[in-house]
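The following exercises concern the confidence, contacts and nonpolar cores of one chain. Please study the structure before reading each solution.

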Amino acid sequence: MSLAEAGRIAGVSRTTVAGWRRTLPGFPDSAQGSGAGAVFDRGAVVAWLREVGKLTVPAGLPAGMLVVRGVGSRTRTVRLEDPALALAEDAAGEDRLSGWAAPEDAEALAVLVESSVSVGVQRLAVPGARPVAVRGSLRIAGQERPGAGGLWLELAWPAALRGTPARFGGVVEHAVLPPGTSADCCCARHDCGGVTRQPWCPDHGTAAGRVSEDHVEGGLYCTQRAPARGGTVPARG
Ligand SMILES: [Zn+2]
Ligand SMILES: [Zn+2]
C-alpha cells in the first residue's frame, strides 16, 4: 500500500503518515519503489500502526455483520470493520474471526459472553464468505485498544458447532436416529444420515420427546459424514 492508503486506514492525511514515518521508530521498509511512489506491505504497516497506537476503526473498508445470542433471547448486532474470517478444516479445530468494532458494541458483546453460559452466533455475514451460524461456545480470544474510537476484536468458536444459518437465524440441528428407528416419516433426511425433526412428526416431533440432536446442518460433520454413508470416503493426503 501507499502512504496515502495507510493514511486512509488511520484516518489521517498522507502528510501525517509521512511525518510519523520520519519521527516514530520501526516503520516497515518499502517493498517496492522509493520516494512518493514507495509501496509498503499492508500487513506490516497495519501492524506498525497498531503498535504505535495510531489506528482507529478503519473507515470505508468492507464491513461484516455479526448477530450473537446469549441467554434467553438476548441478542446483539455487532458491526465489524475489515473482518477476517478463518474457518478450520478439522472438526476438532477452532474458527477465528477478527475485525474492528465500536467500543460500545465490543463492551456489550463482552458482557453478553460473561453473563451467558454459552453464546451462539445467529448469523455472521462477511464479504466473500458464505453466511455462518454457530450453536454456541463463542469466546473472545483477544482484544486491544490501540487508538481512540475503535477496538480490535478476535472471536473464536469450535469449528464443529458452525453451520449454515436458518432462515430466521441460528442453527438447524441434525438429529441422528438410533438404529432400527422408523425412517418413514415427514422429517427431512440428509446424506449425512441426520434428519431435521419436524415438530409435528409423531415419531420424532415435539410430542415424541427428546431425540439427541447430533450436529449442526451445513457444518463439518455433515459434509464429512455424507461421503462415508455412500462408502466413498475420499483419501486424505
Ligand atoms: Zn420424523
Ligand atoms: Zn448433517
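Two residues are in contact if their C-beta atoms, placed from the backbone, lie within 7 Å. The model used here is predicted.

**Exercise 1.** Determine what share of the contacts between residues at least 6 apart in sequence join residues at least 24 apart.

*Solution.* Step 1: consider the contacts in the chain between residues at least 6 apart in sequence. Step 2: of these, 54% join residues at least 24 apart. Step 3: for context, the chain has 5 helices and 12 strands, and buried residues make up 30% of its 237 residues.

**Exercise 2.** Describe the largest nonpolar core and state where it lies with respect to the domains.

*Solution.* Step 1: the largest nonpolar core has 31 residues, and Val68, Ala101, Val121, Val134 and Leu138 have the most contacts inside it. Step 2: the elements giving two or more residues to this core include strand 1 (63-69), helix 4 (103-115) and helix 5 (220-229). Strand 7 provides the largest share, 5 residues. Step 3: domain 2 (63-163) and domain 3 (173-229) both contribute residues, so the core lies between them. Step 4: a second, separate core of 12 residues includes Leu3, Ala6, Trp48 and Leu55.

**Exercise 3.** Identify the contacts of Val121, leaving aside its neighbours within four places in sequence.

*Solution.* Val121 is in contact with Leu66, Val68, Val132, Ala133, Val134 and Leu138.

**Exercise 4.** Decide over which residues the pLDDT is below 50.

*Solution.* Step 1: the chain averages a pLDDT of 84, and 88% of the residues score at least 70. Step 2: the pLDDT is below 50 over residues 231-237. Step 3: where pLDDT is low, the predicted coordinates should not be read in detail.

How values were computed. Residues numbered from 1 in each chain as written. Chains lettered and ligands numbered in written order. Predicted model: local features only at pLDDT ≥ 70, side-chain atom pairs only at ≥ 80, totals over all residues. Core = buried A, V, L, I, M, F, W, Y, C linked by C-beta atoms within 7 Å. Buried ≥ 20, exposed ≤ 12 C-beta atoms within 10 Å, placed from the backbone. Helix = DSSP H or I, 4+ residues; strand = E, 2+ residues; numbered from the N terminus. Domains from an automatic or database assignment. pLDDT = per-residue confidence, 0-100.
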